[in-house]
Amino acid sequence: MGLVPYMGGDELIKKDIVRLLPPADIFIEGFGGSGAVSIEVARRRMYRKVIWNDKDTYLYYIWYYMKYEPDRFIPKLALMLSNLTKMTKEEWLEFKNKVVKRMLDLINREALPPFTGALVYAYILYGMSIPYEGGIMRKREKLRTVEYYINFLRRRAEWIKDIEILNRDIFELLDEYDKEGVVFYLDPPHIIKKNGYIRTGYYRISFKIKDARRFSRKLAEIKNAKILLKLSETDLPYYPEVREKYQMHVLRYISMASQKKGKKRYYFFTNYEIMRKDLLAILLYNYSSSGETV
Ligand SMILES: C[S@@+](CC[C@H](N)C(=O)[O-])C[C@H]1O[C@@H](n2cnc3c(N)ncnc32)[C@H](O)[C@@H]1O
């Protein structure tokens with residue numbers, strides 16, 4: 001699981017991603033998000049050092065307080081989440097439309113101090129599962145106690161205790177860590193034709209076409225680090241340099257996102273060779289959660 005519920009989280013395909021990863025000393029998840037892959041590789045002790053990075057400052061603050069100040073952060077968040085489960089559906093809808101909008105607005109204007117901002121953003125992500133709208137109130141009806149959420153959050157804090165966390169721009173990070181023994185897993189914000197913003201279901205920091213183009217050129221210049229890049233179909237036209245220089249591996253998967261059920265593809269690119277037997281394992285992977293074989 002990731003640390004927080006997150007749009008485009010890699011939870012369902014993390015085992016496929018792990019199979020594509022090469023041996024290395026340091027693993028860096030450059031567009032960290034929920035950190036599903038960082039948590040998985042840390043759990044399996046695949047690398048000496050695991051680094052999670054995301055440019056979204058408030059997402060970073062959630063990781064920061066969960067990791068370094070869990071005793072201060074977790075009880076407060078647990079109380080807020082538990083209270084949320086006491087609302088009726090009508091109260092919740094009103095709350096979602098009025099209060100949450102205002103909270104997101106404050107976050108998007110970077111108007112909240114770190115601790116408060118982390119609490120509010122975590123509350124929104126866990127409670128509403130904005131952006132992906134499958135949150136507490138959708139999944140279950142019964143009340144949950146503060147203790148329940150304290151345990152729930154403490155388990156998650158435990159998962160990230162050996163992971164280093166950074167709040168950097170990917171372009172700087174690639175320059176700094178383009179070294180032998182480093183592997184980057186990169187899942188950039190996808191190019192979406194609609195306005196990509198958290199309220200419409202996407203990240204606070206997204207990629208414009210010019211960012212994707214710059215990123216593609218940057219990846220083509222990487223000399224020493226190993227790169228595993230994940231793209232969706234809509235990204236492909238903006239990454240010609242990567243398509244020319246990198247090896248491509250297609251992964252078909254079942255989308256669990258509520259609005260767009262159905263078969264989709266991810267396009268993985270590596271600047272290192274992947275053995276055929278690994279690819280076969282990926283294609284035959286059985287999605288136990290959806291019960292369908294891809
Ligand atoms: C597709 S999501 C990653 C989701 C992640 N794989 C997961 O499993 O949750 C992209 C992330 O990149 C972050 N991001 C956007 N621009 C960035 C940049 N220039 N440098 C670092 N992170 C960035 C966003 O904040 C967002 O969390």
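In this predicted model, 19 residues surround the ligand. Those that come nearest are Phe-31, Gly-33, Ser-34, Lys-55 and Ile-170. The shell is mixed in class. Eight of its residues are nonpolar, five are polar and six are charged.

The protein chain has 294 residues. Its secondary structure amounts to 12 helices and nine strands. Buried residues account for 34% of the chain. Contacts reach far along the sequence. Among those between residues at least 6 apart, 72% link residues at least 24 apart.

Confidence was examined next. The mean pLDDT of the protein chain is 84, and 82% of the residues score at least 70. Residues 130-134 have a pLDDT below 50, although the model gives this stretch 15 contacts beyond near neighbours in sequence. Residues 196-201 also stay under 50. For residues 196-201 the model has 15 contacts beyond four places in sequence. Where pLDDT is low, the predicted coordinates should not be read in detail.

Helix H3 covers residues 57-68. Its 12 residues reach 16 Å from the first C-alpha to the last, close to the 16 Å expected at 1.5 Å a residue. The buried residues of H3 are Tyr-58, Leu-59, Tyr-60, Tyr-61, Ile-62, Trp-63, Tyr-65 and Met-66. Several elements cover them. Among the helices are H4 (70-84), H5, H6 and H8 (146-159). The strands S2 and S3 (163-166) also contribute to this cover.

Asp-56 sits in the loop between S2 and H3. Asp-56 counts as partly exposed because it has 18 C-beta neighbours inside 10 Å, short of the 20 that would make a residue buried. Beyond four places in sequence, Asp-56 touches Tyr-203, Arg-204 and Ile-205. Asp-56 also lies 8.5 Å from Arg-168, C-alpha to C-alpha, with the two positions 112 residues apart in sequence numbering.

Helix H5 runs over residues 89-108. Its 20 residues should span 28 Å at 1.5 Å a residue. The end C-alpha atoms are 26 Å apart, which agrees with that value. H5 nevertheless has a kink of about 35°, centred on Lys-96. The number of buried residues in H5 is two of 20, so this helix lies largely in the open.

The loop between H5 and H6 holds Glu-110. Glu-110 comes just after H5 and takes a positive phi of about 55°. Most residues other than glycine have a negative phi. Glu-110 is not a glycine, yet its phi is positive. Glu-110 counts as exposed because it has 10 C-beta neighbours inside 10 Å, and the limit for exposure is 12 or fewer.

Arg-45 likewise is not a glycine, and its phi is positive at about 50°. Arg-45 lies in the loop between helix H2 (36-43) and strand S2 (49-53). With 9 other C-beta atoms within 10 Å, Arg-45 is exposed.

Helix H6 spans residues 114-127 and includes Tyr-123. Tyr-123 has 19 C-beta neighbours inside 10 Å, so it counts as partly exposed, since a buried residue needs 20 or more. Leaving aside residues up to four places away in sequence, Tyr-123 touches Leu-77, Met-80 and Leu-81. Tyr-123 and Met-103 are 20 residues apart in sequence. Their C-alpha atoms are 10.0 Å apart in space.

Leu-20 belongs to helix H1, residues 14-20. Leu-20 has 19 other C-beta atoms within 10 Å and is therefore partly exposed, with 20 or more required for burial. Beyond four places in sequence, Leu-20 touches Leu-228, His-249, Phe-268, Thr-270 and Ile-274. Thr-270 is 250 residues away from Leu-20 in sequence. The C-alpha atoms of Leu-20 and Thr-270 are 8.5 Å apart.

Conventions
Residues numbered from 1 in each chain as written. Predicted model: local features only at pLDDT ≥ 70, side-chain atom pairs only at ≥ 80, totals over all residues. Near = placed C-beta within 6 Å. Nonpolar A, V, L, I, M, F, W, Y, C, P; charged D, E, K, R; others polar. Helix = DSSP H or I, 4+ residues; strand = E, 2+ residues; numbered from the N terminus. Contact = placed C-beta atoms within 7 Å. Expected span 1.5 Å × (residues − 1). Bend = angle between axes of the 7 residues up to and from the residue. pLDDT = per-residue confidence, 0-100.
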